[in-house]
Amino acid sequence: MKRLGKQWFFIVAAFILALTYVSFFGVKNYYGDKEIVYFKSASDIRWDTDIQGGVEAAFVPDVENKSNITDAQLQSAKSIIETRLVNLGINDYETYIDNSSKQVVVRFPWQSDEAEFDAASAVNELGETALLTFCEGSTQDKVILSGSADIKSAQAGYNPDSPTEAVVQLELTSSGRTKFAEATARLKGSTISIWMDDNMLSNPTVNSVINNGSAIITGMSSYEEADQLANKINAGALPFALSCDDSSLEVISPTLGDEALNVLLLAGAIAFAIICILMIVLYRLPGFVACIALIGQVGGTVACVTRLFPDFNSFTLSIAGITGIILSVGMGVDANVITAERIKEEISSGKTVTAAINRGMSNSMSAIIDGNITNILVAIVLMGAFGPADGFFALLLKPFMFMFGGSVSGVIYSFGYTLLVGVIFNFIMGVFASKVMLKSLASFKAMRKPWLFGGVKNAEIV
C-alpha cells in the first residue's frame with residue numbers, strides 16, 4: 001500500500017490538539033466590556049445537583065380560583081416546563097404534579113457560573129406563559145394562529161378514517177376558526193408549522209380546507225407521540241402563566257461538591273498520564289500515537305458535552321456521565337493495545353514496517369468493532385429508555401418498548417450520552433486518525449526501525 005506523506009502526522013496531530021484545546025478552554029473575545037463566546041469551554045458545563053447543587057421550586061397557576069384548574073391543564077403545564085428545561089440543555093431534572101395543591105414541582109441543577117444561587121431568577125423563565133403559534137411554512141415569519149385566543153384545545157386520539165393511526169385532534173376558538181379557514185384555503189398542499197416559543201413542534205401538510213374549527217394532525221408514529229404533541233399545544237394554549245411559590249423555593253446543597261469533582265478530575269488526569277507512559281514504554285511509536293489519539297477522544301467527547309458541534313446538544317453532566325467518558329477511554333486504550341499487539345506480531349514474523357502496520361491494523365479491526373458495537377447498542381438503549389420522550393433514540397426504540405412507560409433520568413441519560421460519543425470518537429481517533437499518523441511517521445527513514453514498533457532493538461530493517 002502506498003505510504004502517506006510525512007506531513008499528515010503533523011496535520012492530524014495539530015487538528016487533535018486544537019480540538020482538545022478548544023473543547024476545554026473555548027474560544028472567546030471581548031468587544032469593549034462585552035464578552036463574545038464563539039465556542040463554550042469545559043468550565044461552562046452544567047453539572048448535576050450532586051456536584052453543583054440546584055433548586056427545587058413549585059409552580060402554581062397564576063389565577064384567583066385554582067379549583068377550576070383541571071388535571072389535564074396541569075399536565076400540559078408540566079409538559080411545557082420539561083420542554084423548556086430540555087431546550088436549555090438541562091436533562092438532569094425531576095418534575096411531578098401535586099394535584100391536591102394544583103402545583104407543578106421541579107428540581108434542576110444550577111448553571112456552572114451561578115455563584116450567587118439566586119433561586120428566584122433561576123426559575124423565572126420556566127414559568128412564563130408559553131408562546132404557541134401556528135405559522136405559514138417552516139418559519140415564524142407569518143403567524144396564522146396564536147395562543148389561547150385562537151387555539152381552544154388539543155387531544156390525542158385516532159383517525160376516524162384509519163382507526164389504528166394516532167392523531168392530534170385540534171379545536172379552535174371562533175377567531176381561530178376564521179383565520180384557519182382562510183389559511184388552509186390559501187396553503188393547501190403546503191405546510192403550517194407549529195411552534196412553542198422558538199422550538200418547532202410539528203410541520204404538518206395542509207391536505208384540505210378546514211372551516212369548521214376542528215382539525216386533525218396526522219403523521220404520528222404512536223399514540224404516545226400524539227399525546228406529547230397535544231400536551232405541548234395545550235401548554236401553549238393555557239390561559240394562565242405559572243408563578244413560583246416563593247415559600248416553596250429550596251436550595252439543594254451538593255452532596256458531593258466541587259472538591260469531590262476536583263479530586264475525580266485530578267485522579268483521572270493522573271491515571272491518563274500513567275496509561276500514556278505505559279503505552280509508550282510497552283509499544284513505543286504506536287504507543288505514542290495512541291496517546292495523541294486518546295487525547296483527541298477525550299477532547300471530542302468534551303466538545304460534544306459543551307455543544308462545540310451544533311448537532312450534539314449540550315446537557316447536564318453527572319458523575320455517571322464522567323464514568324461514561326472513563327469507560328469509553330478504556331475502550332480506546334483497548335483498541336490501541338489490540339492494534340499495537342497485532343503490529344508487534346507482524347514485525348516479529350519478519351514483515352516490513354509498512355506491511356506490519358497495514359496487516360496489524362487490518363487484523364485488529366474485527367475485534368475493535370465487536371467490542372465497540374456492543375457499547376453503542378447499550379448506550380442507545382439507555383438514551384432511548386431514560387432520555388426525553390421526544391428524543392431521537394426514544395422514537396427509534398418505540399416499536400420495541402411500547403409496553404413500558406416513559407422515564408426521564410438525567411443520570412442514566414448522561415452515562416449513555418458520554419459513552420456513545422466516546423465510542424464514536426474511539427473509532428475516529430483510535431482507528432482512523434491513529435492509522436494516518438502511524439503510516440505518516442513510517443515515511444520517515446529514522447522511524448522505520450522495527451524496534452520502534454515492538455520488535456527486537458538490533459533487528460535488521462527489512
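**Figure 1. Salt bridge between Arg 186 and Glu 136 in the predicted model.** The side chains of Arg 186 and Glu 136 form a salt bridge with an N to O distance of 2.8 Å; a salt bridge here is a side-chain nitrogen of Lys or Arg within 4 Å of a carboxyl oxygen of Asp or Glu. This pair links distant parts of the chain, with Arg 186 in helix α6 and Glu 136 in strand β6 (residues 132–136), 50 residues apart. Helices (H or I, at least four residues) and strands (E, at least two) are DSSP runs, numbered from the N terminus. Arg 186 has a relative accessible area of 43% and is therefore partly exposed; buried means under 20% relative accessible area, exposed over 50%, and partly exposed in between (1.4 Å probe, protein chains only). This is a predicted model, in which local features need pLDDT of at least 70 and side-chain atom pairs count only at pLDDT 80 or more, whereas totals for chains, interfaces and linings use all residues. Residues are numbered from 1 along each chain as its sequence is written, and side-chain values use heavy atoms, with hydrogens and water left out.

**Figure 2. Salt-bridge network at Arg 186.** Arg 186 also forms a salt bridge with Glu 182, and the closest N and O atoms of this pair are 2.9 Å apart. Both residues belong to helix α6, where they are four residues apart, about one turn of the helix. Salt bridges that share partners join Glu 136, Glu 182 and Arg 186 into one network. With a relative accessibility of 44%, Glu 182 counts as partly exposed.

**Figure 3. Residues of helix α6 and their separation from Ile 210.** Thr 178 is placed in helix α6 (residues 174–186), as is Glu 182. The C-alpha atoms of Thr 178 and Ile 210 are 9.5 Å apart in space, while the two residues are 32 apart in sequence. For Glu 182 and Ile 210, the C-alpha to C-alpha separation is 8.5 Å, with their positions 28 residues apart in sequence. Thr 178 is exposed, at a relative accessible area of 56%.

**Figure 4. Salt bridge between Lys 102 and Asp 71.** The structure holds five salt bridges. One of them pairs Lys 102 with Asp 71, with the closest N and O atoms 4.0 Å apart. Lys 102 lies in the loop between β4 (94–98) and β5 (103–109) and Asp 71 in helix α3 (residues 71–87), so this salt bridge ties together parts that are 31 residues apart in sequence. Lys 102 counts as buried, at 16% relative accessibility, whereas Asp 71 is partly exposed, at 45% relative accessible area. In general, side chains of opposite charge can pair when their charged atoms come close.

**Figure 5. Val 105 in strand β5.** Val 105 lies in strand β5 and is buried, with a relative accessible area of 7%. Its C-alpha atom is separated by 9.9 Å from that of Ile 81, a residue 24 positions away along the chain.

**Figure 6. Nonpolar surface patch including Ile 274.** A nonpolar patch on the surface is formed by Leu 266, Ile 270, Ile 274, Ile 277, Leu 278, Val 281 and Leu 282, which together have about 680 Å² of accessible area. Patches are made of residues with over 30% relative accessible area and no salt bridge; like charges are joined within 9 Å, and nonpolar side chains (Val, Leu, Ile, Met, Phe, Trp, Tyr) within 5 Å. Accessible areas come from the Shrake-Rupley method with a 1.4 Å probe, and for residues only the protein chains shown count as cover. Ile 274 is located in helix α8 (residues 257–283) and is partly exposed, at 47% relative accessibility.

**Figure 7. Arg 284 in the loop between α8 and α9.** Arg 284 is found in the loop between these two helices. Although Arg 284 is not a glycine, this residue has a positive phi of about 60°. Its relative accessibility of 29% makes Arg 284 partly exposed.

**Figure 8. Crossings of helix α10 with α9 and α11.** The axes of α9 (residues 285–305) and α10 (residues 319–348) come within 10 Å and cross at roughly 155°; α9 and α10 are therefore roughly antiparallel to each other. The axes of α10 and α11 (residues 353–386) come within 7 Å and cross at roughly 150°, which makes α10 roughly antiparallel to α11. Axes are lines fitted to C-alpha atoms, for helices over the stretch in contact, and angles run from 0 to 180 degrees between N-to-C directions. Angles under 35 degrees count as roughly parallel, over 145 as roughly antiparallel, 65 to 115 as roughly perpendicular and the rest as oblique.
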